[in-house]
Amino acid sequence: MIGPNDLAASMGHPGQPTHPDVQAAVNDIANRLRAHGMPFGLPVARDTARDWHAKGARLFYLTLTQILNEGLHPWRIDPT
């Protein structure tokens with residue numbers, strides 16, 4: 001598993017998993033793992049899972065908040 005938040009902190013960008021340097025490192029790690037035929041995964045969102053699958057990721061994780069937000073979306077009440 002690739003941990004972008006942990007990687008960001010170790011690279012001196014705590015709390016910035018989308019920092020360009022961190023994203024470059026994540027992509028580099030993913031490319032190296034894929035080149036060696038190693039399964040890998042990382043945290044995804046609904047809009048990034050398909051792209052990461054295309055890049056070779058086979059393990060995905062989501063936060064409980066993401067799962068609940070998606071699952072409960074049909075039952076949300078419009079406050080207006």
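A charge is taken to sit over a ring if NZ of Lys or CZ of Arg is within 6 Å of the ring centre and within 35 degrees of the ring normal. By that criterion, Lys-55 lies over the face of Trp-52, at 4.5 Å from the ring centre. This is a predicted model, in which local features need pLDDT of at least 70 and side-chain atom pairs count only at pLDDT 80 or more, while totals for chains, interfaces and linings use all residues. Residues are numbered from 1 along each chain as its sequence is written, and side-chain values use heavy atoms, with hydrogens and water left out.

**Nonpolar core**
- The largest nonpolar core (buried Ala, Val, Leu, Ile, Met, Phe, Trp, Tyr and Cys residues joined through side-chain atoms within 4.5 Å; buried means under 20% relative accessible area with a 1.4 Å probe and protein chains only) has 12 residues in all, among them Ile-2, Phe-40 and Trp-52.
- At least two residues of this core come from each of α1 (4–10) and α2, helices being DSSP runs of H or I with at least four residues, numbered from the N terminus.
- The largest share of the core, four residues, is supplied by α2.

**Pro-43**
- Pro-43 has its place in strand β1, a strand being a DSSP run of E with at least two residues.
- With a relative accessible area of 30%, Pro-43 is partly exposed, the class between buried and exposed, the latter being over 50%.
- Although Pro-43 and Tyr-61 are 18 residues apart in sequence, they are 4.7 Å apart in space, C-alpha to C-alpha.
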